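User: I should like to learn how to read the packing and strand pairing of a protein model. Could you take me through one case step by step?

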Amino acid sequence: EVIQFDLSDEATALVALSRIPLFSGLRPDQLHEVFEAMQERKAEKGDVVVRQGQLGQALFIVGSGVLDVTSRDEAGVENSLAMLGPGDCFGEIALITGEPTTATVTVLGDGKLLVIPREEFERLLGRVPALGASLARILAARLARASRWVNEQAKQGIVGRLESMPTTELIQALH
């Protein structure tokens, strides 16, 4: 199912937001709070939305288009970590931890992003406590996937230990 985002129509936007895992457990009044905090931004092919090493600026939700998540390792090798599409979000880990971003996100196909700036995100977490619980569930699921991936890599003979990776890098790598 493709999620259609249209911030010019609040009723349609609230239905679309309720289908995003991050917001799916929120009540209508809480979804309205999220909607009020959002801004729409054009995403054009080639745009770098987030650059690895920057401080987190916002929570981003893909409204339309395709984005590539990459990370450059210590040897300078760029690795593709994920492809993002409508309904996917990114940027939340850097906002929560205060650490620099661990990946670069580049637009591959024109679209739009829904953006919640850092200040609004912090306000939302205070006003919509269920959002924090939802974030915790999503981050725990990502960490579990990361743990499974690391275990599989270790089984294949690649040296690496979960404890040696910073949590933010591990979570971002699997997103």
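**Reading strands, helices and cores**

Analyst: Let us begin with a strand. In this predicted model, 12 of the 15 residues of β3 are buried, so β3 is largely enclosed by the rest of the structure.

User: Which strands pair with β3, and in what sense?

Analyst: In general, side chains in a regular strand alternate between the two faces of the sheet. Here, β3 pairs with β6 in the antiparallel sense over 11 bridges. One of the positions to inspect is D68, whose bridge partner in β6 is T106. Strand β4, residues 78–84, also pairs with β3 in the antiparallel sense, over six bridges. Strand β5, residues 89–90, pairs with β3 in the antiparallel sense over two bridges, and the bridge partner of F60 in β5 is F90.

User: How many residues lie between β3 and β4 in their hairpin?

Analyst: Five residues lie between the two strands of this hairpin. Within the turn, G76 has a positive phi of about 85 degrees. For the pairing itself, R72 has E78 as its bridge partner in β4.

User: Let us turn to the helices. At what angle do the axes of α1 and α2 cross?

Analyst: Angles of 65 to 115 degrees count as roughly perpendicular. The axes of α1 and α2 come within 10 Å and cross at roughly 110 degrees, and the two helices are therefore roughly perpendicular to each other.

User: Which residues meet where α1 and α2 are in contact?

Analyst: From α1, the participants are E10, A13, L14, L17 and S18, and they meet L31, H32, V34 and F35 of α2. Sorted by class, this contact has six nonpolar, two polar and one charged residues.

User: Which residues have the most contacts inside the largest nonpolar core?

Analyst: That core has 27 residues, and those with the most contacts inside it are L17, L22, F23, M38 and I116. At least two core residues come from each of α1 (10–18), α2 (28–37), β3 (58–72), β6 (104–117), α4 (118–127) and α5 (129–155). A second, separate core has 16 residues, including L67, A103, V105 and V115.

User: What is L17 in contact with, leaving aside its neighbours within four places in sequence?

Analyst: On that basis, L17 is in contact with F5, F23, S24, L31, V34, F35 and M38. L17 thus appears twice in this reading: in the meeting of α1 with α2, and among the residues with the most contacts inside the largest nonpolar core.

Notes: Residues numbered from 1 in each chain as written. Predicted model: local features only at pLDDT ≥ 70, side-chain atom pairs only at ≥ 80, totals over all residues. Heavy atoms only, no water. Core = buried A, V, L, I, M, F, W, Y, C linked by side-chain atoms within 4.5 Å. Buried < 20%, exposed > 50% of the residue type's maximum accessible area, 1.4 Å probe, protein only. Helix = DSSP H or I, 4+ residues; strand = E, 2+ residues; numbered from the N terminus. Contact = heavy atoms within 4.5 Å. Axes fitted to C-alpha atoms, helices over the stretch in contact; angles between N-to-C directions. Parallel < 35°, antiparallel > 145°, perpendicular 65-115°, else oblique. Nonpolar A, V, L, I, M, F, W, Y, C, P; charged D, E, K, R; others polar. Pairing = 2+ DSSP bridges.
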